[in-house]
Amino acid sequence: VDRKCEVERFLASLDAQTYQNFELIVVDQNTDDKIVPLLLSYRNRFSILHVRSKRGSSKARNVGLKYLSGDVVAFPDDDCWYLPNLIAQVARFLCDHLEFDGVTGRIIDEVGDCIARFDTSKGLLNLFNVWQRTACPCIFLRTYVVKHVGKFDETLGGGTGTIWGGGEDIDYPLRAIESGFKIYYDPNIFVIHPNPLKNGYDKAINRAYSYGAGIGRVWKKHNYPNWLVTYYLLRPIGGSVLNFLGGNWSKAYYHWRAFCGRLRGWLFS
């Protein structure tokens, strides 16, 4: 939605994949046809299905889920992109490890730095480590998992019209784990995504609050223990205090707003 150059970059990265047995489902949330000529330019390169949706990241993903035809499902953002061997790497992993129902990886920016704190060790996702082991653009699930888990929670995520502007990419694998599926995390699998904090913390204040509120709602929804919630609430407070003492006031306020959002999401969901 509201992007064109980023979509073109992602399409080019798909065209460069060494593994080409895939279909792209484009869920278009624009009110015009701005991306239609771009999609047409790739129609002879790989399979593209173009569908429409109302605005909202979770709403759009749920529309896309209606048209699944492959064995594995990914949820790329429109502004991320893949290195040429990514799909081959995921396919090889899942073929070699039939005991796992999906695999997740890291998000890095264009210079190779991790976005957020991702775990450096491999292993299965669980209630406690999922926060450091997944993000929507690097989730790859076998289709039977998605069909069992069902729709994304449309009250969570960007464009929902609620205060819960994040957390949908944690809620979804948590629901899979709670259903008994085994999802493995491998930090050697990664997707590239622009760093939302690249232009400073001032422009991300509102995002910190809404994402935090979504996180708090996920804690409540999945009955997280109070001790763990307390730990995750203390982290942004600590970040706020340290940055305030260091004179980085915009970053301090960013962490404070993240705390406020998390607290509200947890208490009032």
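In this predicted model, the buried residues of helix α7 pack against three other helices: α6 (168-178), α8 (226-245) and α9 (249-267). Helix α7 itself covers residues 205-221, 17 residues in total, and reaches 25 Å from its first C-alpha to its last, close to the 24 Å expected at 1.5 Å a residue. Its buried residues begin with Ile205, Ala208 and Tyr209 and continue with Gly212, Ala213, Gly214, Ile215, Gly216, Arg217, Val218 and Trp219.

Two of these buried residues, Arg217 and Trp219, also take part in contacts with aromatic groups. Arg217 lies over the face of Trp164, at 4.1 Å from the ring centre. Trp219 belongs to one aromatic cluster together with Trp131, Tyr224, Tyr231 and Tyr232. Another case of an arginine over a ring is Arg61, which lies over the face of Phe152 at 5.4 Å from the ring centre.

The chain just after α7 holds Asn223, with a positive phi of about 55°. Asn223 is not a glycine, and its place is in the loop between α7 and α8. Is Asn223 buried or exposed? Its relative accessibility is 66%, and exposed means over 50%, so Asn223 counts as exposed. A positive phi is also found at Asp2, about 60°, again in a residue that is not a glycine. Asp2 lies in the segment before α1.

The aromatic pairs come to 18 by count. In one of them, the ring centres of Trp131 and Tyr232 are 6.0 Å apart and the planes stand at 50°, so this pair is tilted. Trp131 is in the loop between β5 (123-124) and β6, whereas Tyr232 is in helix α8, so the pair ties together parts that are 101 residues apart in sequence. Both Trp131 and Tyr232 are buried. A further pair, Tyr201 with Tyr254, is edge-to-face, with 5.0 Å from centre to centre and 70° between the planes. This pair also links distant parts of the chain, since Tyr201 sits in the loop between β7 and α7 and Tyr254 in helix α9, 53 residues apart. Tyr201 and Tyr254 are both buried. Helix α9 thus appears twice here: it carries Tyr254, and it is one of the helices against which the buried residues of α7 pack.

The next part of the chain to consider is the strand pair β1 and β2. Strand β1 (residues 23-28) and strand β2 (residues 47-52) pair in the parallel sense over six bridges. Within this pairing, Leu24 stands opposite Ile48 in β2. What joins the two strands into a unit with a handedness? Helix α2 (residues 36-41) does, and β1, α2 and β2 make a right-handed β-α-β unit.

Helix α4 (residues 86-96) is mostly covered, with eight of its eleven residues buried. The buried residues of α4 are Leu86, Ile87, Ala88, Gln89, Val90, Ala91, Phe93 and Leu94. Which elements cover them? The covering parts include helix α1 (5-15) and the strands β3 (72-74), β4 (102-108), β6 (139-142) and β7 (183-192). Two of these strands also border loops described above: β6 follows the loop that holds Trp131, and β7 precedes the loop that holds Tyr201.

Methods:
Residues numbered from 1 in each chain as written. Predicted model: local features only at pLDDT ≥ 70, side-chain atom pairs only at ≥ 80, totals over all residues. Heavy atoms only, no water. Helix = DSSP H or I, 4+ residues; strand = E, 2+ residues; numbered from the N terminus. Expected span 1.5 Å × (residues − 1). Buried < 20%, exposed > 50% of the residue type's maximum accessible area, 1.4 Å probe, protein only. Contact = heavy atoms within 4.5 Å. Pairing = 2+ DSSP bridges. Right-handed = clockwise from strand over helix to strand, strands pointing away. Phe/Tyr/Trp six-rings, centres within 6.5 Å; stacked < 30°, edge-to-face > 60°. Lys NZ or Arg CZ within 6 Å of the ring centre and 35° of its normal.
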